[in-house]
Amino acid sequence: MGSTTILDRIGNTPLVRLNRVASGCPVPVYGKCEFLNPGGSGKDRIAKAIVDDAERRGVLRSGMTLIEATAGNTGIGLALVAAVRGYRLVCVMPEKMSEDKRAALRAAGAEVVVTPNAPPHDPQNFQQAARRLAAERGWFLTDQFAHPANPRVHEETTGPEILEQCGGRVGAFVCGVGTGGTITGVGRYLRARAPGASVILADPVGSRLAHLVNPAHPDHDAAYAVEGIGGSVAPPVLDFAVIDIAERVSDDESFAMTGRLIREEGLLVGGSSGTAVAAALRIAARSQHSDPIVVLLADSWDRYLSRAWIRQGTASLESE
Ligand code: PMP
C-alpha cells in the first residue's frame, strides 16, 4: 500500500557517499540528503513537527491560519502541511527577497505579505510583522526560531537516522545553522549515543556564529551570498554546547563546491550544501580515525536556478 499522505514521506532521507569530491580523503564522507524531502528541504520535518505539536495541544483546528516569517524552505514545508491538513498559510517576507520566492510560495498555496526591508528591532521588520499579525488576528505563529519542536524533531528523527545509516559509528557531523534546530537536535542525539562523534558548524565567512563558537575566529559581520545559514546573532533554539568546532567557508568556495556536487556527484543541492561539504572535507583531511563523516545537504537546487553562481555551469561549447 502507498503512503496515506505525502507527509508520511518526510524524513528517512538517504545517506549517499561523496565519491569524486571526497576522493583522496582518509575517511568516507556521506551526504544526508535532506533535499530529497517532499518539499525539497529538511524544513519539512519541522513544519510537520510544529503543526503536530499544536494539534496535540489542541490549539489548532482545521481551517485555522498558520503564519510564519519566511521567504524560503520553511514556507514551502508549511505549505505542504497546510494543504494536507486543511489550514490557511500566510508567509511574511521582506521586500528584498526575490520575486521567484514570492511566486513559489503563492504557487504552493500560501498568501504572501511583503514588508519593507527593516532591521530586527524595527516594528516594520518581517519577523515583528508576523508576530503582530498573529496576535491581532488570532493566527498560529509557527515560530521556527524559538519553537522547541524544531530541535526536538531532529533529535528524534534526523539524529537516529544518521547513526543507524552509519551502522552505529559516526566520526563527525557537519552542518550549518539557520535556526540552529538541526545542529542542536542531531548534536544532542550524538552526544548521548555516539560520544566519540564531533559536531562541526559550517559557517559562511561574514557570519558571526563561528566567532560565537570560538572567539579565536575574528568577530566579523559582513554580507555574504550563501542563503539559509549564518547570521549576526545566536538564534534562540541553538545550543552552543553541542558544537565542537566551527569552520568558515567563503562564498566562492561554497558555490564552487555546490557546482561540483551537482555536476560530479549528481546531487541537485543548493549553495549551503557546498558550504557544509567544503567544511567537511577539511575535517576529513585531518581526521584521526576511520569513522565516516556525515554532512547535511539541506536543500534543493531548484530554488536557486535564477542565481548567477548556478547558471555559470561548465563552459559552453561555443566558448571552447
Ligand atoms: N545546514 C545547512 C547547510 C543549511 O542550509 C541549513 C538550513 N537551510 C541547515 C543546516 C539547517 O537549518 P536549521 O539551523 O534552521 O536547522
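Where is A216 found? A216 sits in the loop that runs between helix 7 (209-213) and strand 9. With 8 other C-beta atoms within 10 Å, A216 counts as exposed, because 12 or fewer is the cut-off for that label. If you want a feel for distances here, take L78: A216 and L78 are 138 residues apart in sequence, and their C-alpha atoms are 38 Å apart in space.

Before going further, keep in mind that this is a predicted model. The chain averages a pLDDT of 94, and 98% of the residues score at least 70. For the model as a whole, the scores are ipTM 0.94 and pTM 0.95.

**The six-strand sheet**

Let's start with an open sheet of six strands, whose order is 1-2-10-7-8-9 and whose pairing is mixed. Strand 1 (15-17) and strand 9 (245-249) are at its edges; each has a single partner strand, so one side of each is left without a neighbour in the sheet. On average, neighbouring strands of this sheet are turned by 25° against each other, with direction ignored.

Strand 10 (residues 293-297) is a good one to look at up close. It pairs in the parallel sense with strand 7 (residues 172-175), over three bridges. Strand 10 also pairs with strand 2 (residues 29-33), again in the parallel sense, and there the count is five bridges. To find these pairings in the model, look for F173, whose bridge partner in strand 10 is V294, and for V29, which stands opposite I293.

How many residues of strand 10 are buried? Five of the five are, so strand 10 is largely enclosed by the rest of the structure. In a regular strand, side chains alternate between the two faces of the sheet. You can follow that pattern here: I293, V295 and L297 point one way from strand 10, while V294 and L296 point the other way, and all are buried.

**The four-strand sheet**

There is also an open sheet of four strands, in the order 5-4-3-6, with parallel pairing. Its edge strands are strand 5 (111-115) and strand 6 (140-141), and each of these pairs on one side only. Helix 4 (residues 126-137) packs on this sheet and touches strand 3 (65-69), strand 4, strand 5 and strand 6. The direction of helix 4 makes about 160° with that of strand 3.

Strand 4 (residues 88-94) pairs with strand 5 in the parallel sense, over five bridges. Within that pairing, V90 stands opposite E111 in strand 5.

**Around the ligand**

Which residues come nearest to the ligand? Of the 18 residues around it, the answer is G176, G178, G228, S272 and A298. By class, this shell has six nonpolar, 11 polar and one charged residues. Helix 6 (181-193) and helix 9 (271-285) each supply at least two residues of the shell. Helix 9 gives the most, with four residues.

Helix 9 is also the place of A279. Is A279 buried or exposed? A279 counts as buried, because it has 27 C-beta neighbours inside 10 Å. Leaving aside its neighbours within four places in sequence, A279 is in contact with V174, I200, A202, E247 and V249. C175 is 104 residues away from A279 in sequence, yet the two are 8.6 Å apart in space, C-alpha to C-alpha.

**Two residues with positive phi**

Two more residues are worth finding in the model. N12 has a phi near 50°, a positive value in a residue other than glycine. D143 has a positive phi of about 55°, although it is not a glycine either. Here is how they look side by side:

| Residue | Phi | Place | C-beta neighbours within 10 Å | Burial |
|---|---|---|---|---|
| N12 | near 50° | segment before strand 1 | 12 | exposed |
| D143 | about 55° | loop between strand 6 and helix 5 (149-165) | 20 | buried |

So N12 is exposed, with 12 other C-beta atoms within 10 Å, whereas D143 counts as buried because it has 20 C-beta neighbours inside 10 Å.

Note on methods: Residues numbered from 1 in each chain as written. Predicted model: local features only at pLDDT ≥ 70, side-chain atom pairs only at ≥ 80, totals over all residues. Near = placed C-beta within 6 Å. Nonpolar A, V, L, I, M, F, W, Y, C, P; charged D, E, K, R; others polar. Contact = placed C-beta atoms within 7 Å. Pairing = 2+ DSSP bridges. Axes fitted to C-alpha atoms, helices over the stretch in contact; angles between N-to-C directions. pLDDT = per-residue confidence, 0-100.
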